[in-house]
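Q: Please pick a single part of this model and take a close look at it with me. I would like one connected account that starts from that part and then follows what lies around it.

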Amino acid sequence: MNNDLSWMLDSALEIPGALHAVLISADGLLMARTKEIGKDDADRVAAGMSGVQSLSRSLAFFCNGSQQQWRQTLVEFDGGWVFLISAGQGAYLGVSASPDVDMADITFRMQQLVGQLGKALMAPPRENLGARP
């Protein structure tokens, strides 16, 4: 994919307390990141979040059956939160936030962003038509 979707992730950071956002592929490759997080750190986060979503999916049976659909993973640390949700076929959106973030606001914003990203991820690339004779 040649489209830079980083600018779309900035809307997640409009929520007070939101820190960083990354868009990753299911196999752990970084697809986009907000500018506040460096590329090396974002690559490391992408790989880790891929593992987190995989582990989360493997625990579906623990919630009353094995056919449960994974929706979101939330991890709490002393210094904040990490939110991870599906962003369409084979893509995930991860956002980190400070401890005082409004959890309802950030998850709502992430869902809105996933809707926008889904359209961008599904849109076919534009052809460079250039000058035609």
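A: Let's settle one word before starting: a residue is called buried when its relative accessible area is under 20%, exposed when that area is over 50%, and partly exposed in between. By that yardstick, 37% of the 133 residues in the protein are buried. Please keep in mind that this is a predicted model.

The part I would pick is strand β5, residues 91-97. All of this strand is under cover, since 7 of its 7 residues are buried. The cover reaches both faces: A91, L93, V95 and A97 are buried on one side, and Y92, G94 and S96 are buried on the other. This two-sided listing is easier to read with a general point in mind: in a regular strand, side chains alternate between the two faces of the sheet.

To see where β5 sits, it helps to have the full list of elements. The protein has 3 helices and 5 strands, and from the N terminus they run α-β-β-α-β-β-β-α. The 5 strands form an open sheet in the order β2-β1-β5-β4-β3, with antiparallel pairing. The edges of that sheet are β2 (30-33) and β3 (72-77), each pairing on one side only. On average, neighbouring strands of the sheet are turned by 15° against each other, direction ignored. In the sheet order, then, β5 stands between β1 and β4. In general terms, strands of a sheet pair through backbone hydrogen bonds, in either a parallel or an antiparallel sense.

Take the β1 side of β5 to begin with. Strand β1 covers residues 18-25, and it pairs with β5 in the antiparallel sense over 7 bridges. One of the bridge partners here is L93 in β5, which is matched with L23. L93 is also among the buried residues of β5. Following L23 takes us further along the sheet, as this residue stands opposite A32 in β2. The β1-β2 pairing is antiparallel too, over 3 bridges. These two strands form a hairpin with 4 residues between them, and in that hairpin G28 takes a positive phi near 90°.

Now the β4 side. Strand β4, residues 80-86, pairs with β5 in the antiparallel sense over 6 bridges. Here S86 stands opposite Y92 in β5, and Y92 is one of the buried residues on its face of the strand. β4 and β5 also make a hairpin with 4 residues between the strands; its G88 takes a positive phi near 110°.

What lies further along the chain from β5? Helix α3 spans residues 103-122, and it offers a few links back to the N-terminal part. R109 forms a salt bridge with E14, with the closest N and O atoms 2.8 Å apart. Because R109 lies in helix α3 and E14 in the loop between α1 (6-9) and β1, the pair ties together parts that are 95 residues apart in sequence. E14 is exposed, at a relative accessible area of 57%.

Two other residues of α3 can be set against A12. For Q112, the C-alpha separation from A12 is 9.1 Å, although they are 100 residues apart along the chain. For D105, which also lies in α3, the C-alpha distance to A12 is 9.7 Å across 93 residues of sequence. Both helix residues are partly exposed, Q112 at 37% and D105 at 38%. For the protein as a whole, 47% of contacts between residues at least 6 apart in sequence join residues at least 24 apart.

The whole structure holds 2 salt bridges. Besides the one already described, K39 pairs with D43, the closest N and O atoms being 3.0 Å apart. These two are 4 residues apart in helix α2, so about one helical turn separates them. K39 is partly exposed at 44%, and D43 is partly exposed at 29%.

To finish, compare the covered strand with the outside. The accessible surface comes to about 8500 Å², and carbon and sulfur atoms account for 53% of it. A nonpolar patch of about 390 Å² is made by L59, F61 and F62. F61 lies in the loop between α2 (39-58) and β3, and this residue counts as exposed because its relative accessibility is 52%. Back in β5, by contrast, 7 of 7 residues are buried.

Definitions and conventions: Residues numbered from 1 in each chain as written. Predicted model: local features only at pLDDT ≥ 70, side-chain atom pairs only at ≥ 80, totals over all residues. Heavy atoms only, no water. Pairing = 2+ DSSP bridges. Axes fitted to C-alpha atoms, helices over the stretch in contact; angles between N-to-C directions. Buried < 20%, exposed > 50% of the residue type's maximum accessible area, 1.4 Å probe, protein only. Contact = heavy atoms within 4.5 Å. Areas by Shrake-Rupley, 256 points an atom, 1.4 Å probe, with all protein chains shown as cover. Patch = residues over 30% accessible without salt bridge, like charges linked within 9 Å, V, L, I, M, F, W, Y side chains within 5 Å. Salt bridge = Lys/Arg side-chain N within 4 Å of Asp/Glu carboxyl O.
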